[in-house]
Amino acid sequence: MKPNVTTLTLVKNKHMTQQTLDYYAQNASAFANSTLHIDMGEFYNAFLPHIPSAEGCPNGLKPHILDAGCGSGRDALHFKKLGYKVTAFDAVAELAEIASFHLEQPVYVKTFRQINDQNQFDGIWCCASLLHVAHSELPDRFTKLANALKPNGVLYVSFKYGEGERDINGRHFTDLTEESLKALIDAEPQLTLEKSWQSEDQRQERKGEIWLNGLIRKK
């Protein structure tokens, strides 16, 4: 199947750096292959019980999940196989093409800055994607994500565990702790942090690296 990618004009800024985008464009295939088969069961099991079941729903009424920063499309494909309606986007066209191939549906090329949906999604999945947004811009991105969620909708996020911002091998990272994530969510009146927890990187070669996970609900 020929990949079906819908491209929007990317809004570049110094925080979603061209260098970060270039890194993923140049390493799209290797990155996708390294993440495609990671066992994410622990995280699906934390997220999906908060989303209405897709079983027995007519196509037009199926719960809708947005995979925001979908990478290879691994997680979007899992949700689609469970019967959910899935929308996916990534900031890198090369990754969007790979995700579209796996999903067999269009994948948008856009950034978090370009999210303008209103009350559209039952759940939003941001696995290892918001971590490339500068800390100063995260409040705006959480507001956009909150606007896109339906009331009582749920948002999953993950960041590398730590404090501050850094550039590693051409990529920009914002690291968070439980306290700094809570401060960001408390500042957005539409959202409440239901749960945060640490986990070890699921890639065998990255064992020992710690991630911060958050489950957030729209009021």
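Visitor: How does α6 pass α7, in a left-handed or a right-handed crossing?
Guide: In this predicted model, α6 passes α7 in a right-handed crossing.

Visitor: At what angle do α6 and α7 pack, and how far apart are their axes?
Guide: The angle is about 60°, and the axes lie 9 Å apart. Helix α7 covers residues 178-186.

Visitor: Why are the two called oblique to each other?
Guide: Angles under 35 degrees count as roughly parallel and those from 65 to 115 as roughly perpendicular. The packing angle of α6 and α7 is about 60°, and α6 and α7 are therefore oblique to each other.

Visitor: Which residues meet there?
Guide: From α6, Leu-138, Pro-139 and Phe-142 take part, and they meet Leu-181, Leu-184 and Ile-185 of α7. By class, this contact of α6 with α7 has 6 nonpolar residues, no polar ones and no charged ones.

Visitor: Let us move to Glu-137. Where does it lie?
Guide: Glu-137 is in the loop that runs between β5 (121-126) and α6 (138-148).

Visitor: Is Glu-137 buried or exposed?
Guide: Glu-137 has a relative accessible area of 14%. Buried means under 20%, so Glu-137 is buried.

Visitor: With which side chains does the side chain of Glu-137 make polar contacts?
Guide: One polar contact, at 3.3 Å, is with the side chain of Arg-113. Another, at 2.2 Å, joins Glu-137 to the side chain of Arg-141.

Visitor: How many residues apart in sequence are Glu-137 and Arg-113?
Guide: They are 24 residues apart in sequence, and the distance from C-alpha to C-alpha is 9.1 Å.

Visitor: A different pair of helices, then. At what angle do α2 and α5 cross?
Guide: The axes of α2 and α5 cross at roughly 45° and come within 9 Å of each other. That makes α2 oblique to α5. In addition, α2 passes α5 in a right-handed crossing.

Visitor: What residues make that contact?
Guide: On the α2 side they are Ala-28, Ser-29, Phe-31 and Ala-32, and on the α5 side Glu-94, Leu-95 and Ile-98. The contact of α2 with α5 divides by class into 5 nonpolar, 1 polar and 1 charged residues.

Visitor: And Ala-28 itself, which residues does it touch?
Guide: Leaving aside residues up to four places away in sequence, Ala-28 touches Glu-94, Leu-95 and Ile-98. Ala-28 is found in helix α2, and Ala-28 is buried, with a relative accessible area of 5%. Its C-alpha atom is separated by 12 Å from that of Cys-70, a residue 42 residues away along the chain.

Visitor: Turning to α4, which of its residues are buried?
Guide: The buried residues of α4 are Arg-74, Asp-75, Ala-76 and Phe-79.

Visitor: What covers them?
Guide: The cover includes the helices α2 (28-35), α3 (41-47) and α5 (93-103), together with the strands β2 (64-68), β3 and β5.

Visitor: Which residue with positive phi follows α4?
Guide: Gly-83 follows α4, and its phi is near 100°. Gly-83 is found in the loop between α4 (74-81) and β3 (85-90).

Visitor: Buried or exposed, that glycine?
Guide: Gly-83 is buried, with a relative accessible area of 15%. Not counting residues up to four places away in sequence, Gly-83 touches Ala-54 and Lys-62. The C-alpha atoms of Gly-83 and Leu-215 are 22 Å apart, and these residues are 132 apart along the chain.

Visitor: What about phi in residues other than glycine?
Guide: Most residues other than glycine have a negative phi. In this model, Ala-128 has a positive phi, near 55°. Asn-152 also has a positive phi, of about 75°, although it is not a glycine.

Visitor: Where are Ala-128 and Asn-152 found?
Guide: Ala-128 is in the loop between β5 and α6. Asn-152 has its place in strand β6, residues 149-160.

Visitor: How exposed is Ala-128?
Guide: Ala-128 is partly exposed, with a relative accessible area of 31%.

Terms used. Residues numbered from 1 in each chain as written. Predicted model: local features only at pLDDT ≥ 70, side-chain atom pairs only at ≥ 80, totals over all residues. Heavy atoms only, no water. Helix = DSSP H or I, 4+ residues; strand = E, 2+ residues; numbered from the N terminus. Buried < 20%, exposed > 50% of the residue type's maximum accessible area, 1.4 Å probe, protein only. Polar contact = N/O pair within 3.5 Å; in protein donor to acceptor, adjacent residues only side chain to side chain. Axes fitted to C-alpha atoms, helices over the stretch in contact; angles between N-to-C directions. Parallel < 35°, antiparallel > 145°, perpendicular 65-115°, else oblique. Left-handed = near helix turned anticlockwise from the far one by under 90°. Contact = heavy atoms within 4.5 Å. Nonpolar A, V, L, I, M, F, W, Y, C, P; charged D, E, K, R; others polar.
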